[in-house]
Amino acid sequence: MTGSKPNGFDDHPKEECGLFGAFNVPRANHVIYRGLFALQHRGQEGGGMAVSDRKKVRSIKGHGLIAEVYAKREAASLKGDLGIGHVRYSTTGSTRIQNVQPLVVECADGIWAVAHNGNLVNADQLRRRYQEYGSIFASSTDSEVLVHLLADPRFMNGNGNGRVSGALSELQGAFCFLIMTRDCVMAARDPHGFRPLSIGKLGDGYVFASETCAFTTTGAEFIRDVEPGELVIADETGLHSHRFVMKPSRQAQCVFEQVYFARPDSVVFGQNVHKTRVELGRLLAQEHPVEADVVCAIPDSGNSAALGFSQESGIPLDYGFIRNHYIGRTFIMPEQNDRTASADLKLAIMPEVVNGKRVVVVDDSIVRGTTLRRRVQGLRDCGAKEVHLRISCPPITNPCHYGIDFPTKKELVANSGDIEAVRKFMGSESIGYLSVESLLSPFPDKAGFCAACFTGEYPVDISGAKGKRSLESSMPLLNFES
Ligand code: SF4
């Protein structure tokens with residue numbers, strides 16, 4: 001694995017987006033801001049919002065955390081009681097302001113704003129089709145194809161529901177969309193339900209969020225999830241449900257949302273994330289028992305699974321790693337080679353906890369393995385007698401084509417050899433991954449989940465998929481930024 005590059009400070013896959021929308025909510029800009037703040041873990045590279053007072057749609061967007069965008073960009077001018085917002089993780093070569101959402105466009109019949117979470121596997125084909133007819137794209141995101149579909153005369157003749165349903169039915173892959181006109185907010189989830197999207201009630205209005213943790217921070221009450229293949233429209237007559245496509249025989253909810261992406265206090269796909277992770281930790285302890293003195297989590301994503309491992313094994317849990325919460329996106333190492341060392345700034349090891357001990361380290365996943373390998377060495381430097389790695393998901397052997405930014409197949413450490421080869425690379429006494437069967441066992445509808453990054457069984461055909469990373473970095477784009 002020599003030469004593989006760390007992914008910033010971290011060795012985890014990256015989520016692409018978080019969505020929050022509000023309808024009939026006074027001072028919608030403040031509510032959306034609070035919602036996006038709660039969803040910041042889903043994307044830290046850019047964000048924005050579009051708000052309507054039913055006459056005019058105003059929007060802001062920018063690079064950085066939503067608090068930075070909101071503070072700098074005259075957010076107070078965003079007056080209105082409905083709006084949609086977006087936080088984004090940008091892939092390599094795509095930190096262009098045009099790609100930050102919501103995308104706001106003017107069609108023949110008015111303003112439309114669009115925010116997307118996921119990855120469209122047929123975006124490239126749709127884009128080429130429209131370009132051949134003379135359409136001009138302003139961004140390099142896959143999300144923009146929906147804007148062109150909405151403006152397509154084939155769908156424009158329909159009413160609001162028929163038009164949006166027609167446009168959505170052309171899309172393949174993973175998507176949750178929030179769509180706004182001057183006087184309504186719509187929420188749609190792809191027919192397989194890859195990404196989560198929930199509906200809440202706030203006062204006399206409604207809110208929509210990628211995760212329910214955003215309802216807690218805004219004071220909203222959870223109503224239900226948007227169903228796979230459903231278009232929900234909030235307008236002055238209430239909340240309306242439409243199916244834009246026949247329900248497919250199989251759902252494919254992303255199991256990685258439960259393993260890593262979602263916040264522990266969220267209820268995702270009907271289950272509390274923290275409780276699921278505790279259960280995964282318990283199952284991990286049953287599958288890979290070990291004699292040891294202390295269990296330590298890689299914080300924060302390994303915390304819940306480590307608790308479950310400790311409870312099941314009887315080995316005490318302690319804080320072996322302390323996270324520096326003040327290291328952020330803006331901390332730039334001058335040399336690329338220094339970035340591996342920068343991982344050490346994020347997590348410090350407590351010698352007082354690990355010195356002379358047999359340590360079980362619980363992490364949620366391994367991608368390239370470079371960062372975790374440094375942790376193992378760090379534990380030894382601090383006097384750990386033995387290090388046993390326990391991972392609360394199976395080996396990641398395949399990239400994701402449904403909205404998660406994994407490195408290439410070659411860069412995944414699990415593809416570098418068998419389990420023993422990975423153990424040697426890590427330098428640990430033992431390593432144990434959770435099996436696919438145990439990973440899916442906490443869910444009543446096991447067949448309703450996607451686990452393609454572990455199994456290679458992709459639930460939606462990926463032959464036309466370019467992936468966000470390659471699509472965004474390959475598209476030439478004029479720079480309109482002033
Ligand atoms: S491939 Fe993995 S990360 Fe992608 S949707 Fe499926 S389970 Fe989630």
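Where is the place of asparagine 24? Asparagine 24 sits in the loop between strand E1 (17-23) and helix H1 (28-38), and the first legend below comes back to this residue.

A few ground rules first. This is a predicted model, in which local features need pLDDT of at least 70 and side-chain atom pairs count only at pLDDT 80 or more, while totals for chains, interfaces and linings use all residues. Residues are numbered from 1 along each chain as its sequence is written, and side-chain values use heavy atoms, with hydrogens and water left out.

**View 1. Two loop residues with a positive phi.**
Most residues other than glycine have a negative phi, and most peptide bonds are trans. Asparagine 24 has a phi near 55°, a positive value in a residue other than glycine. Its relative accessible area is 29%, so asparagine 24 counts as partly exposed (buried means under 20% relative accessible area, exposed over 50%, partly exposed in between, with a 1.4 Å probe and protein chains only). Phenylalanine 269 also has a positive phi near 55° and is not a glycine. Look for phenylalanine 269 in the loop between strand E15 (267-268) and strand E16 (271-272). With 12% relative accessibility, phenylalanine 269 is buried. As for the labels, helices (H or I, at least four residues) and strands (E, at least two) are DSSP runs, numbered from the N terminus.

**View 2. Two cis peptide bonds.**
Going from glutamine 101 to proline 102, the peptide bond is cis, with omega near 5°. Proline 102 is in the loop between strand E4 (82-88) and strand E5 (103-107). A second cis bond runs from proline 299 to aspartate 300, with omega near 0°. Aspartate 300 lies in the loop between strand E17 (294-297) and helix H10 (303-313).

**View 3. Strand E9 and its partners.**
Strand E9 (residues 198-202) has 4 of its 5 residues buried, so the rest of the structure largely encloses it. E9 pairs with strand E10 (residues 205-209) in the antiparallel sense, over 5 bridges (two strands pair if DSSP finds at least two bridges between them). Across this pairing, lysine 201 stands opposite tyrosine 206 in E10. The hairpin of E9 and E10 has 2 residues between the strands, and glycine 203 takes a positive phi near 60° there. E9 is also joined to strand E11 (residues 221-225) by 4 bridges, and these two run antiparallel. Here glycine 200 stands opposite phenylalanine 222 in E11.

**View 4. Helices H10 and H13.**
Which residues of H10 are buried? They are Ser304, Ala305, Ala306, Gly308, Phe309 and Ser310. Their cover includes helix H9 (273-287), E17, strand E20 (358-363) and strand E21 (386-391), going by contact (heavy atoms within 4.5 Å). Just after H10, glycine 314 takes a positive phi of about 80°.
Now for helix H13 (residues 370-381): its 12 residues reach 17 Å from first C-alpha to last, close to the 16 Å expected at 1.5 Å a residue. That expected span is 1.5 Å times one less than the number of residues. Among the buried residues of H13 are Thr371, Leu372, Arg375 and Leu379. Just after H13, glycine 383 has a positive phi of about 95°.

**View 5. Valine 104 and its contacts.**
Valine 104 belongs to strand E5 and is partly exposed, with a relative accessible area of 33%. Its C-alpha is separated by 9.0 Å from that of arginine 58, and the two are 46 residues apart along the chain. Setting aside neighbours within four places in sequence, valine 104 is in contact with Ala50, Val57, Ser59, Ile111, Trp112 and Ala113.

**View 6. The largest cavity.**
How many cavities of 30 Å³ or more does a search of the whole structure find? There are 3, and the largest cavity has a volume of about 100 Å³. Of the 17 residues that line the largest cavity, the closest to its centre are Cys254, Cys400, Tyr402, Cys450 and Cys453. In this search, run on a 1 Å grid over the protein atoms alone, a cavity is a set of points where a 1.4 Å probe fits but cannot get out, and lining residues have an atom within 4 Å of a point. A volume is the space filled by probe spheres set on the points, which are joined across faces, edges and corners. H8 gives the most to the lining of the largest cavity, with 3 residues.

Key: 1 Å grid on protein atoms, 1.4 Å probe; cavity = no way out; pocket = protein on both sides within 12 Å on 5 of 7 lines; lining within 4 Å.
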